[in-house]
Amino acid sequence: MDRTDATAPGPRESMGTRFARVGRGIRWYVTTLMGDRAYDVYVRHLRAHHPQAQPITERQFWRQRSDEQDRNPGARCC
């Protein structure tokens, strides 16, 4: 049986499927770049490395992140 990479487009993949894949990739990149996925990453890390710890709520997470950025602005545009 011939095994190929599941992420590589096959010769029979339609143009619409390719556009959808590209769109999902762009969405993932932009949301990751802008930090929209930060809470999900935090929860996954906590569950993987500290399973006994209870994650803070998403609202608390964003509040802490915002407060930290206000205290230490670093190199950001705004």
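A salt bridge is a side-chain nitrogen of Lys or Arg within 4 Å of a carboxyl oxygen of Asp or Glu. Keep that in mind for the exercises below.

The model is predicted, so local features need pLDDT of at least 70 and side-chain atom pairs count only at pLDDT 80 or more, while totals for chains, interfaces and linings use all residues. Residues are numbered from 1 along each chain as its sequence is written, and side-chain values use heavy atoms, with hydrogens and water left out.

**Exercise 1. Find the salt bridges and place them in the helix.**

Step 1. The structure holds two salt bridges. In one, the closest N and O atoms of Glu68 and Arg71 are 2.8 Å apart. In the other, Arg63 pairs with Asp67, with 3.3 Å between the closest N and O atoms.

Step 2. Now look at the spacing. Glu68 and Arg71 are three residues apart in helix α3, about one helical turn. Arg63 and Asp67, also in α3, are four residues apart, again about one turn. (Helices are DSSP runs of H or I, at least four residues, numbered from the N terminus.) An α-helix has 3.6 residues a turn, so residues three or four places apart point the same way.

Step 3. Check the accessibility, where buried means under 20% relative accessible area, exposed over 50%, and partly exposed in between (1.4 Å probe, protein chains only). Arg71 is exposed at 56%. Glu68 is partly exposed at 38%, and Asp67 is partly exposed at 28%.

**Exercise 2. Test the length of helix α2 and work out which way it faces.**

Step 1. The expected span is 1.5 Å times one less than the number of residues. For the 12 residues of α2 (38–49) that gives 16 Å, and the end C-alpha atoms are 16 Å apart, which agrees.

Step 2. List the buried residues of α2: Ala38, Tyr39, Val43 and Leu46. Seen down the helix axis, they fall within an arc of 135°, so they line one face of α2. (The arc is that of the directions from the axis to the C-beta atoms.)

Step 3. Ask what each side meets. The buried residues of α2 pack against α3 (58–71), contact meaning heavy atoms within 4.5 Å. The face turned away from the buried side carries the exposed residues Ala48 and His49.

**Exercise 3. Locate Val30 and describe its surroundings at the surface.**

Step 1. Val30 sits in helix α1 (residues 15–34).

Step 2. With 41% relative accessibility, Val30 is partly exposed.

How values were computed. Helix = DSSP H or I, 4+ residues; strand = E, 2+ residues; numbered from the N terminus.
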